[in-house]
Amino acid sequence: MDAVSQHSLIARIKACVQLMRPANVLTAVADILAGVAVSGLTVELADRGNGWFFIPELGKISFLVLSSASLYAGGVVLNDFFDAELDKKERPERPIPSGLVPRTVAFFLGVVLLSIGIQVAAFVSLISVGVAVGVALLIAAYNGLSKHHSVFGPLNMGLCRGGNLLLGISAVPYAMQRFWFIAFIPVIYIAAITMISRGEVKGSTSGSLRIAGWLYALTIMFILSLSAIPFFHLRLSLPYLVLFAGVIFSRLKRAQSSRQPADIRSAVKAGVLALILMDAAIAAGFSGWDYGLLIVLLLPLSVLIAKNFAVT
């Protein structure tokens with residue numbers, strides 16, 4: 001293989017990785033870790049005095065992380081597959097319209113990743129595989145049907161994230177019955193980000209940004225309301241929650257002032273990466289500030305990856 005061919009192959013591999021949005025995948029991992037905290041598994045392990053690197057349950061958590069990462073990556077690959085024609089006009093630098101990744105390859109990659117996500121969940125429990133199938137169906141519905149609908153698009157995307165959090169909670173199946181409603185937190189939050197993202201190319205209206213702001217506020221209020229649950233300790237969650245609010249509202253305020261595509265994209269990028277902080281706030285309340293810190297450590301890694309691979 002000559003130098004030119006080798007360079008071309010590397011460029012194509014990098015383009016395939018770009019399709020999977022690796023920086024964003026870490027936010028899906030954070031969802032799983034937060035869901036595991038909600039399930040009570042981490043508290044149970046702490047009570048038993050088991051170290052994290054020597055517990056049988058680490059295998060279960062690892063399968064859920066891999067399942068979530070595969071589902072998320074498959075979803076965003078198919079997102080670019082369905083948006084290929086639109087991206088030719090609006091985002092020609094993306095892997096498919098630029099010609100680096102053929103549409104057929106993108107479709108195959110997306111389907112394979114979704115299949116892996118479902119199959120890996122089967123190693124955890126029947127409930128986990130059921131949740132994974134539900135998430136995969138929601139991903140297909142979003143990409144194929146609801147994406148460009150002003151109401152159902154953001155709602156569908158939010159349900160995908162809510163399902164991902166439930167996938168983490170399924171680490172302890174009976175916990176699903178007790179804490180299923182917590183999945184509405186990412187539903188509300190992702191709906192807000194999806195609304196903001198509509199202005200990434202042509203700018204946004206003040207109305208959509210204002211609604212997104214209210215949805216952000218509702219997300220924070222929902223997390224605060226978890227203090228009504230005996231197992232949730234707000235004082236442990238609060239530092240992460242304050243940091244989360246500071247990040248998302250500062251970027252949203254800038255976007256509201258200018259309504260320019262560059263600031264909109266910045267707000268979307270901050271909103272996506274701040275999912276890690278939101279998950280840390282939820283997890284810390286259930287499992288302690290140190291577990292929340294473990295999730296926060298994903299943020300600098302995600303930011304570092306985002307410097308080389310686009311988030312939107």
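Helices here are DSSP runs of H or I of at least four residues, numbered from the N terminus. The model is a predicted one.

**Exercise 1.** Determine where N24 lies and whether it is buried or exposed.

*Solution.*
Step 1. N24 belongs to helix 2, which covers residues 22-39.
Step 2. Its relative accessible area is 3%. The cut-off for buried is under 20%, so N24 is buried.
Step 3. Leaving aside residues up to four places away in sequence, N24 touches Y72, R161, V272 and V311.
Step 4. The C-alpha atoms of N24 and L273 are 6.9 Å apart, although 249 residues separate the two in sequence.

**Exercise 2.** Compare the span of helix 13 with the expected value, and list its buried residues.

*Solution.*
Step 1. Helix 13 runs over residues 261-273, which makes 13 residues.
Step 2. At 1.5 Å a residue, the helix should span 18 Å. The expected span uses one less than the number of residues.
Step 3. The end C-alpha atoms of helix 13 are 18 Å apart, so the model agrees with the expectation.
Step 4. Buried in helix 13 are P261, I264, S266, A267, V268, A270, G271, V272 and L273.

**Exercise 3.** Find which residues of helix 16 are buried, how they are arranged and what covers them.

*Solution.*
Step 1. In helix 16, residues 298-306, the buried residues are L298, L299, S302 and A306.
Step 2. Viewed down the helix axis, these buried residues fall within an arc of 95°, so they line one face of helix 16.
Step 3. An α-helix has 3.6 residues a turn, so residues three or four places apart point the same way.
Step 4. The cover over the buried residues of helix 16 includes helix 2, helix 13, helix 14 (275-287) and helix 15 (289-296).

**Exercise 4.** Describe the chain as a whole.

*Solution.*
Step 1. The chain has 16 helices and 0 strands.
Step 2. For 312 residues, a compact globule would have a radius of gyration near 20 Å; the chain has 19 Å, which agrees.
Step 3. Of the 312 residues, 53% count as buried.
Step 4. Among contacts with a separation of 6 or more, 77% join residues 24 or more positions apart.

**Exercise 5.** State where the confidence of the prediction is high and where it is low.

*Solution.*
Step 1. The average pLDDT of the chain is 88, and 90% of the residues score at least 70.
Step 2. Among the elements, helix 6 (residues 103-121) has the highest mean pLDDT, 96, and helix 3 (residues 41-48) the lowest, 56.
Step 3. Over residues 50-54 pLDDT stays under 50.
Step 4. Where pLDDT is low, the predicted coordinates should not be read in detail.

Note on methods:
Residues are numbered from 1 along each chain as its sequence is written. This is a predicted model: local features need pLDDT of at least 70, side-chain atom pairs count only at pLDDT 80 or more; totals for chains, interfaces and linings use all residues. Side-chain values use heavy atoms; hydrogens and water are left out. Helices (H or I, at least four residues) and strands (E, at least two) are DSSP runs, numbered from the N terminus. Buried means under 20% relative accessible area, exposed over 50%, partly exposed in between (1.4 Å probe, protein chains only). Contact means heavy atoms within 4.5 Å. The arc is that of the directions from the helix axis to the C-beta atoms. pLDDT is the predictor's confidence in each residue, from 0 to 100. The radius of gyration is taken over C-alpha atoms; the globule rule is 2.2 Å times the number of residues to the power 0.38.
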